[in-house]
Amino acid sequence: MQAWQVHENGEPSEVMRLAEVPTPTPGDGQVLLKVRAANINFPDALLCRGQYQVRPPLPFTPGVEICGETEDGSRVIANPALPYGGLAEYAVADAAALLPAPGSLDDAEAAALHIGYQTGWFGLHRRAGLQAGETLLVHAAAGGVGSAAVQLGKAAGARVIGVVGGAGKAAVARELGCDLVVDRRAEDVVAAVKEATGGRGADVIYDPVGGAAYAQSAKVVAFEGRIVVVGFASGTIPSPALNHALVKNYSILGLHWGLYNTKNPELVRHCHEQLTELAARGAIRPLVSERVPLGGAAGAVQKVADGLATGRVVVTLEETA
């Protein structure tokens, strides 16, 4: 089969190589899946760089989120078990963790439903307790993780403010349903959010960026607000001033979604049921901005790594009609 492999750590476009390799053999409790579509995630770039919390043995195949096909032809969503990732014709996954692909979504959309939307759902509902009528601020609102949070926030009845970088991403954020879009390159984020909220600030802030974005969050979080720390796409991990959290009476909530797969997998299945229902009624739909063939996977991972993508970039191997 064809598969992308990483033999040394570095930038995705430099270290990913497409090769002909043996089809992997599943281990105990695992299944072999035919890959129909693989969604590119920022962790794929971190894996290539050797900066992810999991470091598979070299060589490995990136691709942590797919829509695949089982031996009996069922469409499923899976997180491949590294080193046999999803940027290949076949991948290996844990049988117990397979989830049915929603019939309302095509292969590329289904591949993009899992990690970003699960992270959004757990962050907004399980961790932050977002309520209808509250104000939600989403950093990187036009990106893969941010776009999911915007849609989930709107579905929950929140007023959503999206922060983006550039006019093109601002247009995407508006199409996603943001009530207000702030272009951090052209506007003062703190001043714009305070003006939009009458000085009160945002009740829930969803931050997959870190760095300067977190500093802005601390300045615009409302009384009894919640900042959900999802990741550090900026490359800078902030050091929160806990005295500031005390004085302003807000919460800083960490979210490592992957832990739920081991600590409470039933919650992951419950979340998938909620997401499937939301997708069926059109309340959420992954924004797939680009579909590329398997041969274009290295460039796609690099594009996501460089923060140049809007929505989701998905590698497609076989599409349903």
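In the predicted model, alanine 140 is partly exposed, with a relative accessible area of 33%. This residue lies in the loop between strand 8 and helix 5, and its phi is positive, near 55°, although alanine 140 is not a glycine. A second positive phi in a residue other than glycine, about 60°, occurs at glutamate 224, which is located in strand 12.

Strands 8 and 12 both belong to an open sheet of six strands in the order 10-9-8-11-12-13, with parallel pairing. The edges are formed by strand 10 (180–183) and strand 13 (251–254), each of which pairs on one side only. From one strand to the next, the twist averages 20°. Five bridges connect strand 11 (residues 202–207) with strand 12 (residues 221–229) in the parallel sense; in this pair, alanine 202 of strand 11 is placed opposite valine 221 of strand 12.

Two helices pack on the sheet. Helix 5 (residues 144–155) touches strand 8 (135–139), strand 9 (159–164) and strand 11, and its direction makes about 170° with that of strand 8. Helix 7 (residues 189–196) touches strand 8, strand 9 and strand 10, and its direction makes about 165° with that of strand 9.

Most peptide bonds are trans. The bond from leucine 58 to proline 59, however, is cis, with omega near -5°; proline 59 is found in the loop between helix 2 (42–49) and strand 4 (66–69). Leucine 82 and proline 83 are likewise joined by a cis peptide bond, with omega about 20°, and proline 83 sits in the loop between strand 5 (75–78) and strand 6 (90–94).

Key: Residues numbered from 1 in each chain as written. Predicted model: local features only at pLDDT ≥ 70, side-chain atom pairs only at ≥ 80, totals over all residues. Heavy atoms only, no water. Pairing = 2+ DSSP bridges. Helix = DSSP H or I, 4+ residues; strand = E, 2+ residues; numbered from the N terminus. Axes fitted to C-alpha atoms, helices over the stretch in contact; angles between N-to-C directions. Contact = heavy atoms within 4.5 Å. Buried < 20%, exposed > 50% of the residue type's maximum accessible area, 1.4 Å probe, protein only.
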